[in-house]
Amino acid sequence: MNAIEIRNLTKYYGEFQALKGIDLDIKQGEVLGLIGPNGAGKTTTVRILLGLLKKSGGSVKVFGKDAWEDSVEIHERLAYVPDDVRLWPKLTGGEVIDFLASLRGGINEEKRAYYIERFEFDPNKQCRSYSKGNRQKLGLIAAFAADTDLIVFDEPTGGLDPLMSKVFQECVAELKEEGKTILMSSHILADVEKLCDRVAIISHGEIVETGTLDAMRHMKRNLITVRTKKPLSDLSDVEGVHNVEENGEALSFQADNEKIDDIIRHLSAHGIQSLEIAPPTLEDLFMRHYEEGYHKSEAVRDEKN
Amino acid sequence: MKRTDLKGTLTLVLHALKGEWPRYAIWFFGMFALMVIATYANGQFSGEEMRELVILSVGEPGMRMLVSPIRPEGIEDISRFVFFRFSFVISILVAIMSVQIVNRLTRLEEDAKRAEMVATSGAGRYAQLFSALIVGVLVNLAIAFALTLGLVVNGVEVSGSIVAGLSYGALGIVFAGVAALTAQLSGNASASSGLSAIVFLAVFVVNALSNVTGNVHEDALGFESSFLAWFSPMGWVQEVYPFDDRNLWIFFLFAGLFVLLSFIAFFLVDKRDVGRGILPDKRGRGRAPGWMKKPLGLAYRLHRGAFFGWLVPIAFVGAAFGAATGDLGETFEDHEFFGEAFTEAAREMPFILIAVATMMVAFYARLALLRMRKEETDGPLDNVLSTPLSRTKWMASHVLLAVLGSFTLVMTMAFFQGLVVAETSSDLGEQLLGGVIQYGALFMLAGLVVMLFGLIPKQASAVSLAVLLYAILAGSFFGPILDLPEFMKNLSPYTHAKFLPENASALRVLTMYGLGIALGAVGFIAFRKRNMVF
Ligand SMILES: Nc1ncnc2c1ncn2[C@@H]1O[C@H](COP(=O)(O)OP(=O)(O)O)[C@@H](O)[C@H]1O
Ligand SMILES: [Mg+2]
């Protein structure tokens, strides 16, 4: 059964179309990573899912219910950690955790204590004195302590230092063991690579790829670095070869998986001296999908800063 | 202090002017219009009528709180007469404006985390505060010009008009300094404007007392303030006498106080971190008490600071008003020849003051309701509404507290005033009834704010302020003084809340309560249907 079903979801901000027909399913008990650069539409998708924003078209179902109409019932089974956790400056962290967890149907005292300890969080301070990372921890603890079926994270590790990112990953792994459904958006690939059963790549308001990482890797290009006796002057003309770069003595290029046999034959005809083949990293998958729009998204990031 | 500490000030000044000019333009034209209309409308009185009006106000100590000193000579001259009646409202508006300008450019920027970015992008430590003060001074000079122009187009003598205009500009500049200081002391923007409001209330009360305890001229043809006026910048404005003595040296007082306040503010900048106040962050409790885990409990926690900040001063204002009107009887015995009209006026006085207090409390109600918008823009709302709490319940908890809070404030004022003036318990009951009647107008305005929040969240703050100022200026107290046309006065709910309970129409009062509920309901429905927008 699907915990989340998104069909042909569109969203306009005035004239601007932020989402252009998103289709996405998340099975119960699955951990799905929604990855894409800044401005791709991750936060928009998540806020529609939570009934905070109205969709322009399509359908969004969570636990079989409409995300907008039945948001209150849906929220009984869900916890959400926004990309920037901003709370009441004068309240203490502990008070906020208690309040949010109570609204979510009661505090699991054991978990509350457990996660406060795990994240080395000081609940006695006023929220205004927490750094971004500490506010992020606060949001995570409040979500974890509520013990819900579905947890939605928007850029969860944005403000966490590497040590805390690791704690976060361990916590998510534990929740996965417990059978919780998790949706996690990110532009930090390392988070997603380790934790997620499946990833969906979003770019310019469209899902450009969904699947397990392994399945995606098969379809993608390997990175080959090679040195040959005879010069490889005509390499770019070989079918399936892309982005040839000179690398001192060696050449490096990307090779389509289905053409790998022909390419290797071509190389060995020139007398291979050394050869390295690296599987594509998520980074490569990711980069390829927004190569066209890459400069645009850089600009968006600059604007935001 | 290093030279680089002020780096980037000019850029920030230009940035502020570019971003905020519509607000400044509204204030400029609003103040100009107020001055033109007030001068023109009051210019229609005959000399005899002006003298009568002066006698009526000056004869009552309670009323003297709301006017400024005037001398028997030249009462019939519109220049003196218009300030006699309008000094009070112009001072309030100029102070509110200045506090708002500086607060927006300092604390609000910090709360929005923009200041941090400015600070790390190479601007000097003092640049943010310095630029806010510069903008504050510039806008106040513009307001001085607007006031002067409003007088001059009505044919008032030019040099006196300039001095008069500048005296209010100077008061505004002092409040820019006050806001600069409170911005450093408090932890966030709303605490800072709350602290400024308390300072203003103190300045107002001291000045009011200086008028009450002042020296009344023969036959109540004007009065002089007592020495207390020198302890209140509002009193300084009134001591300038722009059309008589022209005490220009008082401007040194204004300048001195402004420099002192700014200096302390700059000094405190170094003593605190960006985003914090000078008052230290306390180590709090790590657990929420049971009541705070419910939506209404949390809303109470969020409203209570501002509420108790108002409660004590408003009780004090009630008692002070009461004390001032309390000895009415005695004053009037000296003026028996005024007869009936005076007894009537004397009875009406405490009820007028309840109306004025209700107008002040309207500002509290507006801010308490806009707390919802703040929750939305500041971020917590996303978190709260992603729990099983429905939008309607969340909204109801805030609206309920804003309404209960403002109602309690009005009734507290009426009660404390009643304690002093009332001779029997039925008198006290009548005072409270006066409060309920006046609150009808506020309730309707509150409904309107709720509607604005639901329908046009981004504009709700600006539009509700405009509506509120209009309702007050066209209402029962200022409307007649401004001699506005009937239809304009009738648009203000305050016009329909007559001062004396026996004059108020029950139907109209109930209609206002009903309209408040209807407008509020529109807000609730609209909020359920809209996006959360930052
Ligand atoms: N309230 C808004 N008004 C107009 N445009 C918006 C608004 N919110 C987001 N956008 C735009 O929609 C696009 C998607 O934004 P968002 O969902 O925040 O992306 P992400 O979370 O992937 O960084 C961006 O181009 C952004 O500029
Ligand atoms: Mg985002």
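Which residues of helix 9 (residues 260-268) of chain A are buried? I began my notebook with this question, and I note at the outset that the model I was reading is a predicted one.

**Entry 1: helix 9 of chain A**

I looked up the burial of helix 9 of chain A and found that its buried residues are A:I263, A:H266 and A:L267. Looking down the axis of helix 9 of chain A, I saw that these buried residues fall within an arc of 100°, so they line one face of the helix. I then asked what covers the buried residues of helix 9 of chain A, and the cover turned out to include strand 11 (222-228), strand 12 (241-247), strand 13 (250-255) and strand 14 (272-278) of chain A.

**Entry 2: chain A as a whole**

I stepped back to chain A and noted that there are 11 helices and 14 strands in this chain. Of the 305 residues in chain A, buried residues make up 53%. I also looked at the contacts in chain A with a separation of 6 or more, and wrote down that 68% of them are accounted for by residues 24 or more positions apart.

**Entry 3: two positive phi values in chain A**

I turned to the backbone and stopped at A:E155, whose phi is near 45°, a positive value in a residue other than glycine. I placed A:E155 in the loop between strand 7 (150-154) and helix 6 (162-177) of chain A. Is A:E155 buried or exposed? With a relative accessible area of 12%, A:E155 is buried, because that value lies under the 20% cut-off.

The other residue I looked up was A:H204, which is not a glycine and yet has a positive phi of about 50°. I found A:H204 in the loop between strand 9 (198-203) and strand 10 (206-211) of chain A, and at 31% relative accessibility I recorded A:H204 as partly exposed.

**Entry 4: helix 10 of chain B and helix 6**

Moving to chain B, I recalled that two packed helices are described by the angle between their axes and the distance between the axes. For helix 6 (residues 127-152) and helix 10 (residues 250-269) of chain B, I read that the axes come within 11 Å and cross at roughly 160°. Helix 6 of chain B and helix 10 of chain B are therefore roughly antiparallel to each other, and helix 6 passes helix 10 in a right-handed crossing. On the side of helix 6 of chain B, I listed B:L129, B:F130, B:L133 and B:V137 as making the contact, and on the side of helix 10 of chain B, I listed B:F258, B:S262, B:A265, B:F266 and B:V269. By class, the residues of this contact between helix 6 and helix 10 of chain B divide into 8 nonpolar, 1 polar and no charged.

**Entry 5: helix 10 of chain B and helix 7**

I next took helix 7 (residues 158-185) of chain B, which packs with helix 10 of chain B at an angle of about 20°, the axes being 8 Å apart. That angle makes helix 7 of chain B roughly parallel to helix 10 of chain B, and I noted that helix 7 passes helix 10 in a left-handed crossing. When I sorted the contact of helix 7 of chain B with helix 10 of chain B by class, I recorded 19 nonpolar, 3 polar and no charged residues.

**Entry 6: B:L56 and B:K271**

Lastly I looked up B:L56, which I placed in helix 2 (residues 47-59) of chain B. B:L56 is partly exposed, with a relative accessible area of 35%. How many Å separate the C-alpha atoms of B:L56 and B:K271? I wrote down 52 Å for this pair, whose members are 215 residues apart along the chain.

Terms used:
Residues numbered from 1 in each chain as written. Chains lettered and ligands numbered in written order. Predicted model: local features only at pLDDT ≥ 70, side-chain atom pairs only at ≥ 80, totals over all residues. Heavy atoms only, no water. Buried < 20%, exposed > 50% of the residue type's maximum accessible area, 1.4 Å probe, protein only. Helix = DSSP H or I, 4+ residues; strand = E, 2+ residues; numbered from the N terminus. Arc of directions from axis to C-beta. Contact = heavy atoms within 4.5 Å. Axes fitted to C-alpha atoms, helices over the stretch in contact; angles between N-to-C directions. Parallel < 35°, antiparallel > 145°, perpendicular 65-115°, else oblique. Left-handed = near helix turned anticlockwise from the far one by under 90°. Nonpolar A, V, L, I, M, F, W, Y, C, P; charged D, E, K, R; others polar.
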